[in-house]
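User: I have a structure open here and would like to talk through a few of its residues. Could you start with the one I have just clicked on?

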Amino acid sequence: MTLGDKLSKLRKENNYTQEQLADILGVSRQAISKWESNITYPETDKLIRMSELFNCSLDYLLKDKEETDSKNQPNEQSLFFRKRLRERKSEKTVWGMPLWHIGRNARGFVAVGFNARGVIAVGLKATGVVSLGMLSIGVLSLGMLSLGLISLGMIALGLLAAGCFSIGVFATGAISLGIISLGAIAIGDFSVGALSIGKYFALGDNARAMIAIGDSQAVGSVFQKSSELISQNVTVRTLTEQDIVTVKSLLDTIVPAYLSWAKEIIKLFL
């Protein structure tokens, strides 16, 4: 097979039109037609780009015989995914970016790919205002490893973070660390959880902080309140009106001014 025959075969197997392939390579459709007709030949950088795009070796493209070595030809699994994620994009642009772009390295207002960047990004690695991916970075971020202002994922880091393991200003999850932290194991300045460890305030089954309110155990250096046995095997954690007044007064005393906003949130739930 000639180079032109191979290019035509690979292009069709990957479901590209000549116009689409030309757009990806930054050449004219006529150039693609001439390559496939063996009238002219691609420059070296275009050959390298096509070998990457079609997942084949330069040897396969340049040798004037059909290679049977699986290392030189796209395998069925590769073609399966490439047919479903073939590179294409909108001709219309928003803020200098295509309205949408689908490809291995996608960049557009809406981007879908292995490495996607856009206002809305979906991919293995996604970066955008709204992002969804294995590694996700954005204002609103969802993924296995998620970083964002609002972050949801197995491991979430953000202003508002929710996940199995979360770190944030507001954090909630199985294990959470934050200024205001909610979780099975909650650690922070103000913590609520089964095991609650706080600097200033802790509420939970087992609570430890300056102000600690717990069911099974409460350990507080300034104030502590644990459940009371009201009948056999039945306990209840009760805060009297005087307790609430005391806790609010203590919060005003011990919490620094820069955390006054968090303190006021905690007061709402007392």
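User: Is Ala156 buried or exposed?
Analyst: Bearing in mind that this is a predicted model, Ala156 counts as buried because its relative accessibility is 0%.

User: Which strand is Ala156 in?
Analyst: Ala156 lies in strand 5, which covers residues 105-226.

User: And what does Ala156 touch, leaving aside its neighbours within four places in sequence?
Analyst: With those neighbours set aside, Ala156 is in contact with Ser146, Ser151, Ala161, Ala162, Gly163, Phe165, Ser166 and Ile167. As for backbone spacing, the C-alpha atom of Ala156 is separated by 8.0 Å from that of Gly168, with the two residues 12 apart along the chain.

User: Take Ser166 from that list; where is Ser166 placed, and is it buried or exposed?
Analyst: Ser166 is also placed in strand 5, and it counts as buried because its relative accessibility is 0%. Not counting residues up to four places away in sequence, Ser166 touches Ala156, Ala161, Ala171, Thr172, Gly173, Ile175, Ser176 and Leu177.

User: Switching to rings, how many aromatic pairs are there in the whole structure?
Analyst: A search of the whole structure finds 3 aromatic pairs. One of them joins Phe190 and Tyr200, whose ring centres are 5.8 Å apart and whose planes meet at 35°, so this pair is classed as tilted.

User: Are Phe190 and Tyr200 buried or exposed?
Analyst: Both Phe190 and Tyr200 are buried.

User: Last one: what lies over the face of Tyr60?
Analyst: That is Lys6, which lies over the face of Tyr60 at 4.9 Å from the ring centre.

Note on methods: Residues are numbered from 1 along each chain as its sequence is written. This is a predicted model: local features need pLDDT of at least 70, side-chain atom pairs count only at pLDDT 80 or more; totals for chains, interfaces and linings use all residues. Side-chain values use heavy atoms; hydrogens and water are left out. Rings of Phe, Tyr and Trp (its six-membered ring) pair if their centres lie within 6.5 Å; planes under 30 degrees apart count as stacked, over 60 as edge-to-face and the rest as tilted. Buried means under 20% relative accessible area, exposed over 50%, partly exposed in between (1.4 Å probe, protein chains only). A charge sits over a ring if NZ of Lys or CZ of Arg is within 6 Å of the ring centre and within 35 degrees of the ring normal. Helices (H or I, at least four residues) and strands (E, at least two) are DSSP runs, numbered from the N terminus. Contact means heavy atoms within 4.5 Å.
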